[in-house]
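Good morning, everyone. Please have the sequence and the 3D view open while I talk.

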Amino acid sequence: MTLTKIETQQLVDEFIQFQINEMSNEELASYAANHLRNEIKQSEESLEMQINKYDDFNYLYEILVDYIQDKPNSYQAYNDYINERMEQW
């Protein structure tokens with residue numbers, strides 16, 4: 001059986017959809033996290049650039065650094081940031 005390029009792409013799309021439909025929420029989240037982890041360059045300078053590019057408010061990098069270093073009030077600042085972003089949606 002020979003498929004056209006369009007049919008091959010449709011087959012890929014259908015197979016992907018089939019796999020996704022059989023995944024639990026936890027499996028989907030794990031898959032997405034692993035995919036993103038592989039895409040993110042992990043030098044500190046590169047991370048800062050990628051986070052700043054992603055962040056509309058331009059202070060997520062500092063919030064995350066404070067949070068992972070467990071600085072005072074960092075948990076509250078992190079949650080406040082999340083709430084601000086949710087209000088934008």
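I will go through the rings, the core, the loops, the salt bridge and the surface.

First, a caution. This is a predicted model. Residue numbers start from 1 along the chain.

Let's begin with the aromatic rings. How many aromatic pairs are there? The count comes to five. Take F57 and Y81. Their ring centres are 5.6 Å apart and their planes meet at 85°, so this pair is edge-to-face. The cut-off for edge-to-face is over 60 degrees.

Now find the two partners in the chain. F57 sits in the loop between α3 (44-54) and α4 (60-68), while Y81 is in helix α5 (residues 74-88), so the pair ties together parts that are 24 residues apart in sequence. Are they buried or exposed? F57 has a relative accessible area of 23%, so it is partly exposed. Y81 is at 3%, so it is buried.

Y81 has another ring partner. Y59 and Y81 also make an edge-to-face aromatic pair, with 5.5 Å from centre to centre and 80° between the planes. This pair, too, links distant parts of the chain: Y59 is in the loop between α3 and α4, Y81 is in helix α5, and they are 22 residues apart. Y59 has 29% relative accessibility, so it counts as partly exposed. Put the pairs together, and F57, Y59 and Y81 are linked into a cluster.

Stay with Y81, and move to the core. Which residues make up the largest nonpolar core? They are I51, L60, Y61, I63 and Y81, five residues in all. Helix α4 gives the most to this core, with three residues. So Y81 appears in the ring cluster and in this core as well.

Look at L60 for a moment. Set aside its neighbours within four places in sequence. L60 is then in contact with I51, Y54, D55 and Y81. Two of these names, I51 and Y81, are also on the core list.

Next, helix α5 again, at R85. R85 lies in this helix. Its relative accessibility is 13%, so it counts as buried. That is under the 20% cut-off. What does R85 touch? Beyond its neighbours within four places in sequence, R85 is in contact with Y54, D55, D56 and F57. We met F57 in the ring cluster. R85 and F57 are 28 residues apart in sequence, and their C-alpha atoms are 8.9 Å apart in space.

Another residue of helix α5 is I82. I82 has a relative accessible area of 30%, so it is partly exposed. Here is a distance to try in your viewer. From I82 to E48 is 34 residues along the chain, and their C-alpha atoms are separated by 18 Å.

Now the loops. Go to N58, in the loop between α3 and α4. Its phi is near 65°, a positive value in a residue other than glycine. N58 has 51% relative accessibility, so it counts as exposed. The cut-off for exposed is over 50%.

Then go to N73, in the loop between α4 and α5. N73 also has a positive phi, about 65°, although it is not a glycine. Its relative accessibility is 65%, so it counts as exposed.

On to charges. How many salt bridges does a search of the whole structure find? One. D66 forms it with K71, and the closest N and O atoms are 3.4 Å apart. D66 has a relative accessible area of 29%, so it is partly exposed. K71 is at 38%, so it counts as partly exposed.

Last stop, the surface. Which residues form the nonpolar patch? They are V12, I16, I20 and L28. Together they have about 270 Å² of accessible area. The largest share of the patch, three residues, comes from helix α1 (residues 5-22). I20 lies in that helix. Its relative accessible area is 34%, so I20 is partly exposed.

To recap, keep Y81 in mind. Y81 is buried. Its ring pairs with Y59, and it belongs to the largest nonpolar core. Then turn to helix α1 for the biggest share of the surface patch. Thanks for listening.

Methods. This is a predicted model: local features need pLDDT of at least 70, side-chain atom pairs count only at pLDDT 80 or more; totals for chains, interfaces and linings use all residues. Side-chain values use heavy atoms; hydrogens and water are left out. Patches are made of residues with over 30% relative accessible area and no salt bridge: like charges are joined within 9 Å, nonpolar side chains (Val, Leu, Ile, Met, Phe, Trp, Tyr) within 5 Å. Accessible areas come from the Shrake-Rupley method with a 1.4 Å probe; for residues, only the protein chains shown count as cover. A salt bridge is a side-chain nitrogen of Lys or Arg within 4 Å of a carboxyl oxygen of Asp or Glu. Helices (H or I, at least four residues) and strands (E, at least two) are DSSP runs, numbered from the N terminus. Buried means under 20% relative accessible area, exposed over 50%, partly exposed in between (1.4 Å probe, protein chains only). Rings of Phe, Tyr and Trp (its six-membered ring) pair if their centres lie within 6.5 Å; planes under 30 degrees apart count as stacked, over 60 as edge-to-face and the rest as tilted. A nonpolar core is a set of buried Ala, Val, Leu, Ile, Met, Phe, Trp, Tyr and Cys residues joined through side-chain atoms within 4.5 Å. Contact means heavy atoms within 4.5 Å.
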